[in-house]
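Me: Hi! I'd like to go through this structure with you, step by step. Could we begin with a term I'll need for the helices?

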Amino acid sequence: LKPVDVSALPEDVRRYREERAKNWPSSKVTDQKRVAESERAARGELGGIDTSAAARAEARRAALREILAKQRELGHFEASEEIGDLDGEGAAT
């Protein structure tokens, strides 16, 4: 463990709070982020990143399918059976 320099602690805390305040999700900061994102989208810099809820859900399902396939490969069938995914495609057989 690193010893704490008590005399420097208040200054560290002050700097930390100032730094956090800059990025705090206030209406000003969120508006700035929204404007910056719309400008990037107008320039075509978003690169086809789909941030929709459906895309995120599909990514989670794909990750779960990979995990369950790995578990079946290792012989851990119970985890797949508990959620009813025996074939790795989301449907029980």
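Reply: Sure! The expected span of a helix is 1.5 Å times one less than its number of residues. Helices themselves (H or I, at least four residues) and strands (E, at least two) are DSSP runs, numbered from the N terminus.

Me: Anything I should know about the model before we use that?

Reply: Yes, this is a predicted model: local features need pLDDT of at least 70, side-chain atom pairs count only at pLDDT 80 or more, and totals for chains, interfaces and linings use all residues. Residues are numbered from 1 along each chain as its sequence is written, and side-chain values use heavy atoms, with hydrogens and water left out.

Me: OK, how many helices and strands are there in the protein chain?

Reply: The protein chain has four helices and zero strands. Read from the N terminus, the order is α-α-α-α.

Me: And what span should α2 have?

Reply: With 17 residues at 1.5 Å a residue, α2 should span 24 Å, and its end C-alpha atoms are 24 Å apart, so the two agree. Just after α2 comes glycine 44, with a positive phi of about 80 degrees.

Me: How far does α3 reach?

Reply: From its first C-alpha to its last, α3 reaches 30 Å with its 21 residues, close to the 30 Å expected at 1.5 Å a residue. Glycine 75 follows α3, and its phi is positive too, near 90 degrees.

Me: Which residues in α3 are buried?

Reply: Ala57, Leu68 and Arg72 are buried in α3. They cover an arc of only 50 degrees around the axis, which puts them on the same side of α3. That arc is taken from the directions from the helix axis to the C-beta atoms. As for the wording, buried means under 20% relative accessible area, exposed over 50%, and partly exposed in between (1.4 Å probe, protein chains only).

Me: What does the face turned away from that buried side carry?

Reply: That face of α3 carries the exposed residues Glu66 and Glu73. Across the whole protein chain, buried residues make up 8% of the 93 residues.

Me: New topic: how many salt bridges does the structure hold?

Reply: Five salt bridges. A salt bridge is a side-chain nitrogen of Lys or Arg within 4 Å of a carboxyl oxygen of Asp or Glu.

Me: Why would such side chains pair at all?

Reply: Side chains of opposite charge can pair when their charged atoms come close.

Me: Which residue does aspartate 31 pair with?

Reply: Aspartate 31 pairs with arginine 34, and their closest N and O atoms are 3.0 Å apart. Both lie in helix α2 (residues 27-43), three residues apart, about one turn of the helix. Aspartate 31 counts as partly exposed at 38% relative accessibility, while arginine 34 counts as exposed at 54%.

Me: What about glutamate 58 and arginine 61?

Reply: Their side chains meet in a salt bridge (3.1 Å, N to O). Both sit in helix α3 (residues 53-73), three residues apart. Glutamate 58 also forms a salt bridge with arginine 65, where the closest N and O atoms are 3.0 Å apart. Shared partners join Glu58, Arg61 and Arg65 into one network.

Me: Last one: where is confidence lowest in the protein chain?

Reply: Confidence is lowest in helix α4 (residues 77-83), with a mean of 62, and highest in α3, at 86. Those values are pLDDT, the predictor's confidence in each residue, from 0 to 100. The mean pLDDT of the protein chain is 75, and 70% of its residues reach 70 or more.
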